[in-house]
Amino acid sequence: MDSAVTKELIETVARALIEAEAELTALDQAIGDGDHGINMKRGATAVLDQLDGLAEKPAGEAFKATGMQLVMKVGGASGPLYGTLLMTLGKFWPESLDRASLTTALDAAFAAVKARGKSDLGQKTMLDVLAPSIEAVGAGNSLEEIKAVAKAAAEATVPMQAIRGRASFLGERSVGHMDPGARSSQLAIAALCDALEGGS
Amino acid sequence: MSDKVGIVIVSHSPEVARGTADMVRQMVGTAVPLAHCGGNPDGGLGTDVAKIMTAIEEAWSEAGVALFVDLGGAETNSEMAIEMLPEERQARAVICNAPLVEGAVMGATEAWGGSSLEQVCATAEELSPA
């Protein structure tokens, strides 16, 4: 993958997350501790600060380094979670990119996040957006379709009850709100699709 | 370097971390290696992988270190910090599934008596609801 593409992907996602600060904070105030927006913004800003250095690496290395920035800078659980996602994606990033090798790398990244969060599907987390989105990539769906799948998946976390994380303290009261991590994952996927669409 | 298990306290709040460390010190004095950290990289509420790694280094003992953490992100960031330690140290840094204040105080008391890392965690974990 061309380093200009790597740069655009990382930059577009980082900017989308920074822009969503207020919304993510509002979602997290409803069922968490209200810091998801500011934490993601801190991480994304740290990534943008290093963008040129990150993007000049080969794509796999760039994703690993971006993940490490998130781990070190975010300050909440989302740092290790998104950091693990990117570090694993980078580790498994194929030399020659095709749908099958991309899906393998995404599956590995998903499994690593699942292990890091000790969580599973249906527990009102980012996994509930990542799983169907990765499946859509594997099935050969268009970028528009992948965006729609991610959006529907984030909305599907609204009626779920949280089992993991701070929201789990609320028990049934977590029902009725969209999960902030599911929303940030969806926004990242939408931004990625937009960047790829613009570039293709 | 001490032969007693070290204690590391990780809270979202720097004040809670410091206060917990004060309580531990009152129990065991300076006989047990102890370090604490709290706050995100900007100093607000949260946790910081780099600070946790430094705290583990400060409290390091050949007998290992027991980490006590408050809420979700403190645990996830502590796991991350442990994975970033030199490989030979990773198995000797353990997060105890115990309440922060009570766990740290009880764990430190156990460590003071020269117990193993496993025993220190087991004693602290008895405080957790089954």
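These exercises work through the sheet of chain B, its contact with chain A, and some single residues of chain A.

The model is predicted: local features need pLDDT of at least 70, side-chain atom pairs count only at pLDDT 80 or more, and totals for chains, interfaces and linings use all residues. Residues are numbered from 1 along each chain as its sequence is written, while chains are lettered from A and ligands numbered from 1 in the order in which they are written.

**Exercise 1. The sheet of chain B**

Give the strand order of the open sheet in chain B and state which strands stand at the edges.

Step 1. Take the elements from DSSP: helices are H or I runs of at least four residues, strands are E runs of at least two, and both are numbered from the N terminus. Two strands pair if DSSP finds at least two bridges between them.

Step 2. Read the order. Four strands of chain B form an open sheet, β2-β1-β3-β4, with parallel pairing.

Step 3. Find the edges. β2 (34-38) and β4 (93-95) of chain B each have a single partner strand, so one side of each lacks a neighbour in the sheet.

Step 4. Add the twist. Direction ignored, neighbouring strands are turned by 20° against each other on average. Axes here are lines fitted to C-alpha atoms, for helices over the stretch in contact, and angles run from 0 to 180 degrees between N-to-C directions.

**Exercise 2. Strand β1 and its partners**

Describe how β1(B) pairs with β2(B) and β3(B), and whether β1(B) is buried or exposed.

Step 1. Count bridges. β1 (residues 6-11) of chain B pairs with β2(B) in the parallel sense over five bridges. The pairing of β1(B) with β3(B) is also parallel, over five bridges.

Step 2. Place residues. Ile7(B) stands opposite Leu34(B) in β2(B), and the bridge partner of Ile7(B) in β3(B) is Ala66(B). Val10(B) stands opposite Cys37(B) in β2(B).

Step 3. Apply the burial test. A residue is buried with 20 or more other C-beta atoms within 10 Å of its own, exposed with 12 or fewer, and partly exposed in between; C-beta atoms are placed from the backbone. Six of the six residues of β1(B) are buried, so the strand is largely enclosed by the rest of the structure.

Step 4. Sort the faces. In a regular strand the side chains alternate between the two faces of the sheet. Gly6(B), Val8(B) and Val10(B) point one way from β1(B); Ile7(B), Ile9(B) and Ser11(B) point the other way. In β2(B), Leu34(B), His36(B) and Gly38(B) point one way, and Ala35(B) and Cys37(B) the other. Five of the five residues of β2(B) are buried.

Step 5. Trace the connection. From β1(B) the chain crosses through helix α1 (residues 14-28) of chain B to β2(B), in a right-handed β-α-β crossover. Right-handed means that, with the strands pointing away from the viewer, the path from the first strand over the helix to the second runs clockwise.

**Exercise 3. Where the chains meet**

Describe the contact between chains A and B, then the packing of α6(A) on α3(B).

Step 1. Count residues. 15 residues of chain A are in contact with 16 residues of chain B. Contact means C-beta atoms, placed from the backbone, within 7 Å.

Step 2. Name the elements. On the chain A side, α3 (36-49), α5 (59-73) and α6 each give two or more residues.

Step 3. Get the geometry. Helix α6 (residues 78-92) of chain A and helix α3 (residues 72-83) of chain B pack at about 50°, with axes 8 Å apart. The two helices are therefore oblique. Angles under 35 degrees count as roughly parallel, over 145 as roughly antiparallel, 65 to 115 as roughly perpendicular and the rest as oblique.

Step 4. List the residues. Gly79(A), Pro80(A) and Leu81(A) meet Thr76(B), Asn77(B), Glu79(B) and Met80(B).

**Exercise 4. Two lysines with positive phi**

State where Lys118(A) and Lys124(A) lie, and whether each is buried or exposed.

Step 1. Recall the norm. Most residues other than glycine have a negative phi.

Step 2. Read phi. Lys118(A) is near 45°; Lys124(A) is at about 65°.

Step 3. Locate them. Lys118(A) is in the loop between α7 (99-117) and α8 (127-138) of chain A. Lys124(A) is in the loop between α7 and α8 of chain A.

Step 4. Test burial. Lys118(A) is exposed, with 11 other C-beta atoms within 10 Å. Lys124(A) is buried, with 28.

Conventions:
Two residues are in contact if their C-beta atoms, placed from the backbone, lie within 7 Å.
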